Amino acid sequence: MDKFINKLEKKFGKYAVPDLIRYVIVLYCAGAAIGMLNPGIYYSYLCLDMKAVFHGQVWRLFTFLIEPYGFSKGLGMLLSILFFAIQVHLFFLFGRSLEQAWGTFRFNLYFFSGYILNILAALILYLSPMHLEVYYSGFQYIYWSMFFAFAVINGDMQFLLYFVIPVKVKWLAVLDGVYMVYQVVSSLYHGIQFLLYGYTAYAAQYISSAAAIVVALANFLIFFFATRNYRRISPKDIRRRRNYRKQSQQNAGVPRHRCAVCGRTEFDNENLDFRFCSKCEGNFEYCSDHLFTHQHVKKFM
């Protein structure tokens, strides 16, 4: 799979968008603005309604990315703005770190594959016996799935939980993964319950939310396993490393350097320098004390 991605990069790499996360954040902020003004605008005209798409409103295949951010009202508005600013900062950190680690094309591929998988999930739910028309969850979980990829690369980096407690990124990713799995199970349970009672609109919200989480996790797992180097776990490579370690242990007490005059090695004095003489005929090595004072070795025919 990694070879296939390399071929794609050679062919389409020139079309990759540098610093894609900057444009993604613009969409995220646009959704926040809609959320503050009137979220109803999004759900009426912009969300991923597959029935509307099949009736000609194809712009919804793109505008569903501008999902409103859930701002609280009253005094909670200040906290919502604070957490929104923190999320924007984290998304910038995750996105730019991943682009530096993967390269521009692969980071683009990660985002656009998540975008396509969300549309496929919405189509499957629409064509299924449930016939769920509206895919309520937009792209928010793809944003957060960047965190898992970031944790794989920077697992030992520390974040301050609640601005006080230092926690390594890899453990936060584990907790986040457990919470997402819980959300999937909980959303499916409530969605099925609403379906049984005939509340299709409420069921669509829960089931599409579960589908969006599964898509985000699947996008991360597919991309992660597709780009892994499995040569390290191949029997041949394992045997090669085992033989190398065994040989290294056997040669642990054997000196690498020995002076041809005095016989000293690096074990006698770790500060000794050893060099080969270019004027001697043969592989004769000398310590720094005898490199310029030894008698050159010549071979006579």
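The points below go through helix packing, aromatic pairs, nonpolar cores and one loop residue in this structure, which is a predicted model.

1. The packing of helix α8 (residues 140-153) against helix α9 (residues 169-196) is a suitable place to begin. Their axes lie 9 Å apart and the helices pack at an angle of about 145°, with α8 passing α9 in a left-handed crossing. On the α8 side the contact is formed by Y141, W144, F147, F148, F150 and A151, and these meet V169, K170, L172, A173, D176, G177, M180 and Q183 in α9. Sorted by class, the residues in this contact are ten nonpolar, two polar and two charged.

2. Aromatic rings deserve a separate look, since the structure holds 17 aromatic pairs. In the pair formed by F94 and F147, the ring centres are 5.4 Å apart and the planes stand at 40°; the pair counts as tilted because this angle is neither under 30 degrees, as for stacked rings, nor over 60, as for edge-to-face ones. The two rings bring together distant parts of the chain, given that F94 belongs to helix α6 (residues 76-102) and F147 to helix α8, 53 residues apart.

3. Are F94 and F147 buried or exposed? F94 has a relative accessible area of 1% and is therefore buried, the cut-off being under 20%, and F147, at 6% relative accessibility, is buried as well. Through ring pairs, F94 and F147 are also part of a cluster that takes in F148, F150 and F220.

4. Which residues touch the most other members of the largest nonpolar core? They are F111, Y135 and M146, in a core of 62 residues, to which helix α10 (residues 200-226) gives the largest share, namely twelve residues. Apart from this core lies another, of eight residues, including C259, F274, C280 and Y286.

5. The surroundings of Y135 can be listed in more detail. When neighbours within four places in sequence are left aside, Y135 is in contact with L48, N118, A121, A122 and L125, and also with S208, A211, A212 and V215.

6. A last point concerns T265, which is found in the loop between α11 (235-250) and β5 (274-276). Although T265 lies in a loop, its relative accessibility is 6%, and since buried means under 20%, T265 counts as buried. If residues up to four places away in sequence are not counted, T265 touches P255, H257, R258, L272 and F274; of these, F274 is also one of the residues in the core of eight.

Conventions: Residues are numbered from 1 along each chain as its sequence is written. This is a predicted model: local features need pLDDT of at least 70, side-chain atom pairs count only at pLDDT 80 or more; totals for chains, interfaces and linings use all residues. Side-chain values use heavy atoms; hydrogens and water are left out. Axes are lines fitted to C-alpha atoms, for helices over the stretch in contact, and angles run from 0 to 180 degrees between N-to-C directions. Helices (H or I, at least four residues) and strands (E, at least two) are DSSP runs, numbered from the N terminus. A crossing is left-handed if the near helix is turned anticlockwise from the far one by less than a right angle, and right-handed if clockwise. Contact means heavy atoms within 4.5 Å. Ala, Val, Leu, Ile, Met, Phe, Trp, Tyr, Cys and Pro count as nonpolar, Asp, Glu, Lys and Arg as charged, and the others, Gly among them, as polar. Rings of Phe, Tyr and Trp (its six-membered ring) pair if their centres lie within 6.5 Å; planes under 30 degrees apart count as stacked, over 60 as edge-to-face and the rest as tilted. Buried means under 20% relative accessible area, exposed over 50%, partly exposed in between (1.4 Å probe, protein chains only). A nonpolar core is a set of buried Ala, Val, Leu, Ile, Met, Phe, Trp, Tyr and Cys residues joined through side-chain atoms within 4.5 Å.
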